[in-house]
Amino acid sequence: VADDRDVAAFGRRAQSYDSGWLGRLHSEVAQRTASVALSVTPQPRRILDIGCGTGYLLRYLAAHIANAEAIIGVDAAAAMIHVARARATDERVDVLNSSAEHLPFHDGAFDLVLSTTSFDHWHDQEAGLRECARVLDPNGVLVVTDLFSTLLLPTLVGKRRRKARTRSRAERLAFDAGLSVVGWHPVQPFIRAFVAAHR
Ligand SMILES: C[S@@+](CC[C@H](N)C(=O)[O-])C[C@H]1O[C@@H](n2cnc3c(N)ncnc32)[C@H](O)[C@@H]1O
């Protein structure tokens, strides 16, 4: 499990993460991401949410996709997983303390993989996208929502200099991971979702 300062900070915020305006923003982003995903793959059966936090998106998907068989979340912060597990009431939902870079699932295990506002925090985005491609069914779909804008180019300095915060960088990383970005969708100002599939 990744153990960097970002993840430790998320762990400390786990109990209060869903409250206030930031909590509302995250739930709006999650709902919009779910509608983007369901517009491209209306009946997913095996779903993975990477960086699931407190599990809001998992619960939302469980309430909206009657035919899903498994709705799994992973998060690098153990405290987030404790909260998500305590709040999960649907038996199809399960959560694991694991990182995007090392997903504990077999090849092709999911037909929908999502991630909302987590990608920017991944320690190794390239390795994470390779793992997404590996666990994605050959006909599966990946939906990643995060900050993507050329206006963020000035922020790409220091330890953030290799981050994929623009569409072109994200598309290049996805391509190198064996995926092809097939669409971009607006979610909130500066926040966009990309949809990718095996190339
Ligand atoms: C901004 S929060 C978003 C949580 C949730 N997806 C949401 O939209 O509310 C980012 C989450 O990503 C997790 N995270 C950071 N790096 C990760 C990694 N490499 N693998 C898995 N989860 C990670 C953090 O622990 C945190 O819970």
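A residue counts as buried when its relative accessible area is under 20%. In this predicted model, C132 has a relative accessible area of 1% and is therefore buried. C52 stands at 7% relative accessibility, so C52 counts as buried too. The two cysteines do not pair. A search of the whole structure finds zero disulfides. The cysteine sulfur nearest to that of C52 belongs to C132, and it is 13 Å away. A disulfide needs two cysteine sulfur atoms within 2.5 Å, so this pair does not qualify. Seen from the other side, C132 is likewise in no disulfide, with the sulfur of C52 as its nearest cysteine sulfur.

C132 is one of the buried residues of helix α5, which spans residues 125–135. This helix is mostly covered, with eight of its 11 residues buried. Alongside C132, the buried set holds Q125, A127, G128, L129, E131, A133 and V135. Several elements provide the cover. Strands β1, β4 and β5 are among them. So are helix α6 and the strands β6 (179–188) and β7 (191–198).

Helix α5 also carries a charged pair. Side chains of opposite charge can pair when their charged atoms come close. R134 forms a salt bridge with E131, and the closest N and O atoms are 2.7 Å apart. The two residues are three apart in helix α5, which means that about one helical turn separates them. Their surroundings differ in accessibility. R134 is partly exposed, at 26% relative accessibility, whereas E131 is buried, at 13%. The pair does not stand alone, for D107, E131 and R134 are linked in a network of salt bridges.

Across the structure, the count comes to seven salt bridges. Two more of these join parts of the chain that lie apart in sequence. In one, R87 forms a salt bridge with D18, with 2.6 Å between the closest N and O atoms. R87 sits in helix α4 (residues 78–87), and D18 sits in the loop between α1 and α2. The pair links distant parts of the chain, 69 residues apart. Both partners are partly exposed: R87 has a relative accessibility of 31%, and D18 has one of 30%.

In the other, the side chains of R165 and D120 meet at 2.7 Å, N to O. R165 lies in the loop between β5 and α6, while D120 lies in the loop between β4 (110–116) and α5, so the salt bridge ties together parts that are 45 residues apart in sequence. Here both partners are buried. R165 has a relative accessible area of 9%, and D120 has one of 6%.

Pockets were examined next. The largest pocket has a volume of about 730 Å³. It is lined by 41 residues, and those closest to its centre are F10, Y17, T117, S118 and H121. Many elements contribute to this lining. Helices α1 (5–13), α2 (20–40) and α3 (56–64) each supply at least two residues. Strands β1 (46–50), β2 (70–75) and β5 (136–147) do likewise. Helix α2 gives the most, with seven residues. By residue class, the lining of the largest pocket holds 20 nonpolar, 14 polar and seven charged residues.

The second largest pocket contains about 520 Å³ of space. Its lining is made of 19 residues. Nearest its centre lie H123, D124, Q125, R162 and K163. Three elements, α1, α5 and α6 (167–176), give two or more residues to this lining. Helix α6 supplies the largest share, four residues. The lining of the second largest pocket divides into 13 charged, three polar and three nonpolar residues. Q125 connects this pocket with the helix described above: Q125 is among the residues nearest the pocket centre, and Q125 is also one of the buried residues of α5.

Note on methods: Residues numbered from 1 in each chain as written. Predicted model: local features only at pLDDT ≥ 70, side-chain atom pairs only at ≥ 80, totals over all residues. Heavy atoms only, no water. 1 Å grid on protein atoms, 1.4 Å probe; cavity = no way out; pocket = protein on both sides within 12 Å on 5 of 7 lines; lining within 4 Å. Points joined across faces, edges and corners; volume = space filled by probe spheres on them. Nonpolar A, V, L, I, M, F, W, Y, C, P; charged D, E, K, R; others polar. Salt bridge = Lys/Arg side-chain N within 4 Å of Asp/Glu carboxyl O. Buried < 20%, exposed > 50% of the residue type's maximum accessible area, 1.4 Å probe, protein only. Contact = heavy atoms within 4.5 Å.
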